[in-house]
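Open the model in a viewer and keep the selection panel at hand. The stops below say what to select next and what is there.

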Amino acid sequence: MSDSPLYISVALLPSLVSSGSLAEHCGAVVIDTLRFTTTAVQALSAGALTVRAVGEIDMAVAWAEQSSDPKPLLCGERNCRPIAGFQLGNSPLEYLVERVDGHHLVFTTTNGTRALKATRLHVDCVLAALVNRAAVAEYLASSKLSYWQLIAAGTDGHVAGEDTITAGAIIDHLLAFPGNRSIFLDDSAWLALDCWRQANDLPNLSSYLMKYLGAVHLMQAGYDNDILFASKLDLLSVVPRRIEIDLDHHVFHRLC
């Protein structure tokens, strides 16, 4: 574990991500709690070989058609709904061992996969949600990088409460993690931490998240149980880490 200082920044939207030379020395943690990053963590935990994230539907279809690997599964959503012709949607409850074990997955979603465009220059990139909060925090604590940005995907271009809370939950665990590193937070990181601590003091985290717009959209589409799953703190130990980036394709594998 490095004992150099660790600087944590939070971008409450992808448009607020640092660019240029700073990003080239920085790691990125992308958060889309409802639901892409939660679903990606579950998929890799269930045995999926890789998660390839792309911004648009036609890009996902084109990749699947020309892939030299065994035909990957097309996964994702638009406006919370499964995409016609895709094998799987964006509900983590769909990603069972018997469905995805041994498969490559190609994802495109409304917010989460598009947020990855902001990380093209970052030297490392992982996916985070409440379900793998502790594992991600411990990965950051052990990293040789001195600067990490936690990037919230948001909802339709607006700040998402659940993503802000997840960023704060990661920071809270990071501050409690044993080690010799000094940790410095920017103002957005402190704001996220305060939001998490307020939410964590309440008896039911899932009910708290249901007031936010992303959860409201999911409930209107009948995905209440996805919110319950996404609220299960530290349920999984997998950290999806980027192993390849090619234009708008970001490929993640399972890092335990």
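**Stop 1: helix 5**

In helix 5, the buried residues are R133, A134, A135, V136, A137, Y139, L140 and A141. Buried means under 20% relative accessible area, exposed means over 50%, and partly exposed lies in between, with a 1.4 Å probe and protein chains only. Helices are DSSP runs of H or I with at least four residues, strands are DSSP runs of E with at least two, and both are numbered from the N terminus. Because 8 of the 10 residues of helix 5 are buried, this helix is largely enclosed by the rest of the structure.

Before going on, note that this is a predicted model, in which local features need pLDDT of at least 70, side-chain atom pairs count only at pLDDT 80 or more, and totals for chains, interfaces and linings use all residues. Residues are numbered from 1 along each chain as its sequence is written, and side-chain values use heavy atoms, with hydrogens and water left out.

**Stop 2: L140**

Stay in helix 5 and select L140. L140 is buried, with a relative accessible area of 0%. Leaving aside neighbours within four places in sequence, L140 is in contact with L6, I8, V29, W148, L150, I170, L174 and R181. Contact means heavy atoms within 4.5 Å. Now add G27: its C-alpha atom is separated from that of L140 by 8.9 Å, although the two residues are 113 residues apart along the chain.

**Stop 3: helix 5 against helix 6**

Two packed helices are described by the angle between their axes and the distance between the axes. Select helix 5 (residues 133-142) and helix 6 (residues 161-176): their axes come within 8 Å and cross at roughly 55°. Axes are lines fitted to C-alpha atoms, for helices over the stretch in contact, and angles run from 0 to 180 degrees between N-to-C directions. That angle makes helix 5 oblique to helix 6. Angles under 35 degrees count as roughly parallel, over 145 as roughly antiparallel, 65 to 115 as roughly perpendicular and the rest as oblique.

To see the contact, show R133, A134, V136, A137, E138, L140 and A141 of helix 5 with A169, I170, H173 and L174 of helix 6. By class, the contact of helix 5 with helix 6 has 8 nonpolar, 1 polar and 2 charged residues. Here Ala, Val, Leu, Ile, Met, Phe, Trp, Tyr, Cys and Pro count as nonpolar, Asp, Glu, Lys and Arg as charged, and the others, Gly among them, as polar.

**Stop 4: helix 6 against helix 7**

Keep helix 6 and add helix 7 (residues 187-200); the axes of these two come within 7 Å and cross at roughly 95°. That makes helix 6 roughly perpendicular to helix 7. On the helix 6 side the contact is made by T164, I165, A167, G168, A169, I171, D172 and L175, and on the helix 7 side by A189, A192, L193, C195, W196, R197 and A199. These divide into 11 nonpolar, 2 polar and 2 charged residues.

**Stop 5: helix 1 and the loop before it**

In helix 1, 9 of its 10 residues are buried, and the helix is mostly covered. The buried residues are F36, T37, T38, T39, A40, V41, Q42, A43 and L44. Helix 1 is followed by G47, whose phi is positive, near 105°. R35 is in the loop between strand 2 (27-31) and helix 1 (36-45). Which peptide bond is cis here? The bond from L34 to R35 is cis, with omega near 15°.

**Stop 6: two loop residues**

Most residues other than glycine have a negative phi, and most peptide bonds are trans. Select N79, in the loop between strand 4 (73-78) and strand 5 (81-82). Phi of N79 is positive, near 55°, and N79 is exposed, with a relative accessible area of 61%. Then select D234, in the loop between helix 10 (224-230) and strand 10 (239-246). D234 is not a glycine, yet has a positive phi of about 60°. D234 is partly exposed, with a relative accessible area of 32%.

**Stop 7: H249**

End at H249, in strand 11 (residues 249-255). Is H249 buried or exposed? H249 is buried, with a relative accessible area of 15%. Not counting residues up to four places away in sequence, H249 touches R52, A53, V54, M59, W63 and E244. A polar contact of 3.4 Å joins the side chains of H249 and R52. A polar contact is a pair of N or O atoms within 3.5 Å; within protein, one must be able to donate a hydrogen and the other to accept it, and residues adjacent in sequence count only if both atoms are side-chain atoms.
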